[in-house]
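Got the viewer open? Let's take a short walk through this one, a stop at a time.

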Amino acid sequence: MPEIEVAAPDALRAALAAGEDRITLVDARFVGHRHALRLVIADTRFPAAHVPGVLAVEGEARAEAARIAAGLDRPAADDCVPDLIAERLAAAGVSAREVPLGELVAEVPRDEDARVRAVSAVAAVDDERIRLTSAVKARDGFFTTFAVSTWSRYLARWCARRGLTPNQVTVASLFVALAAAAGAATGTRAGYIGAALGLYFSFVLDCTDGQLARYAVSYSRIGSWLDATFDRAKEYAVYAGLALGAARHDDDVWTLALVAMVVMTTRHIVDFAFNETRRGIGGGDQDDAANADGGAGAKLSGKLNAVGWTVWARRMIILPIGERWALIAVLTATTTPRITFVVLITGCVLAACYTSLGRVLRSLPRRTPAAAQVGEHLAALADSGPLAELVARLRLRVPAPAAALLGTAALLAVLLAGGAGEWWGLAGAGAYALCAGVAIGRPLVRRLDWVVPPIFRAAEYAAITVLAAQVVPTAVAAAFGLVAATAYHHYDTVYRLRGGYGAPPRALVWAVLGHEGRVLLVTVLAAAGSDTLRTGLIVTAGVLAAIVLAESVAFWVRGARPDIDDATPVGPAPSASTPSYRPLEAVVAAAPDRTGDLS
């Protein structure tokens, strides 16, 4: 596209108004690092992004920029139009993301002396070092930081230079984990050692895909979904592989595998639900939430953070994915599947107690109700079906956590007291459905309402586990499949909410009956007999998996963006004497001696 001089502002306005795709304006005088340009141009997660002298816009932000450009008077020769438009976008309420530069340089020098100083500043900072460093997460677990990221960042660069995409690395990580699960399923020591090595290298690739995305600034909606869902698929596959390997030695550990999955999934829902309440208060980290509310939990956290070694200790205690996979790998290689599951479950329960207590302590001081959107998100995480929603219309004034706990206690008490496999066990399932409806009868915006979704998850998964283990132990593997499919649906809900895409359609939630409907269904199947329960678990797992997977894949693929090519060529710069701008769809050229190319 030919350059558009400031002397021809109509051409600039026409270019901005010509579509909704991403377009970038770069001041011809721009001096800076290539990675500073890349962070603005290639990161399509934001509708508008800005650094001094560079502005990228698309969609509604582009339309607003076109409107602003149409109202601009003829800019002076010294004006920086990208910065000017960015300022007016902010004033109009469509603020461009100000990309954090750190040590990177991005300037628009107004004279030759300023240009010389800027060029010197660029030369003084190693762009590639910054790029490699920023590819690694600022906060990560001990194992990931010291046993993986020390070299995986270089693997990410190697992948980028060979044109591999983050999604391809994610898929490779899945295949390596499946191979590890197959090794564990052999039941041999060599297979277990191979599984341990496979787990490590799968986790390395799991870190590499994110580092590659940050290194190449190559993000996509489908990529984040693949990364998140494949993590669960890999872990569950390894659990199944260990259970199959143990079965070769006549050791049935399917119940332990199922309990491990239940504990881990419920714990994640605790994290996700709590973090929903932190939105607008200062964010919050999945493993160490923000302390904006104060209170005992925040004060204790602040004291612990003042002692350096406790930061790493706390990150290890909560068993993040790196430490968890390392634990599974070491135990798989050196012990038996039964010991692996017992240690894993014990560690995860202790970690869940530690993190949950901290979240409760942080929540207690809060007095004001949360925002309405928080209540909507927690209601979506609750995953209530038609039965609960029918009861919810009564709007009984009962604290939501109390109602959820009462229903869970009634359900599990009846099942454990002999109701599993008996028709009178339906009384527990019915009481659970009624209490579930009472719990969601009012908006979930009070200080402890975030515990409701985790309680529902624990109740549903535990009920399926108890019914299968007590009525027909040989069907626990089928129950494992049902819980895995259900957990996928719940994780998918989380990822949609976290991505800002809203909750799954109510038709989908109703089609899979909601959590209370599934509990009632499995209870009926158990009461009908062991053969009915075994067949019903298999059929229910297959049908539920088919429904949620089909809808989920269609949703994520339909909205996926292609990854951005990181090797877009950069053309020559116009004369520096008069500011000019090239609105291109991927990149606007600055002088090669100032930025080089983007490869």
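Here is a tour with two stops, one among strands and one on the surface. Keep in mind as you click that this is a predicted model.

**First stop: strand β5**

Select residues 54–57, which make up strand β5. Show the side chains: V54 and A56 point one way, while L55 and V57 point the other way. Are these residues buried or exposed? All of them are buried.

Now bring in the neighbours. Add residues 48–51, strand β4, which runs antiparallel to β5 and is joined to it by four bridges. Look across from A56 and you'll find A49 of β4 standing opposite. Between β4 and β5 there are two residues, and the two strands form a hairpin. Click on G53 in that turn: its phi is positive, about 90°.

Next, select residues 23–26, strand β2. Four bridges join β2 to β5 too, and this pair also runs antiparallel. Which residue of β5 is the bridge partner of T24? It's A56, the residue that A49 stands opposite.

**Second stop: a surface patch**

Leave the strands and select W151, Y154, I193, L197 and F201. Together they form a nonpolar patch on the surface, with about 480 Å² of accessible area.

Colour helices α8 (149–161) and α10 (189–216), and you'll see that each supplies at least two of the patch residues. Which helix gives the most? That's α10, with three residues.

Finish by zooming in on W151, in helix α8. With a relative accessible area of 33%, W151 counts as partly exposed.

Key. Residues numbered from 1 in each chain as written. Predicted model: local features only at pLDDT ≥ 70, side-chain atom pairs only at ≥ 80, totals over all residues. Heavy atoms only, no water. Patch = residues over 30% accessible without salt bridge, like charges linked within 9 Å, V, L, I, M, F, W, Y side chains within 5 Å. Areas by Shrake-Rupley, 256 points an atom, 1.4 Å probe, with all protein chains shown as cover. Salt bridge = Lys/Arg side-chain N within 4 Å of Asp/Glu carboxyl O. Buried < 20%, exposed > 50% of the residue type's maximum accessible area, 1.4 Å probe, protein only. Pairing = 2+ DSSP bridges.
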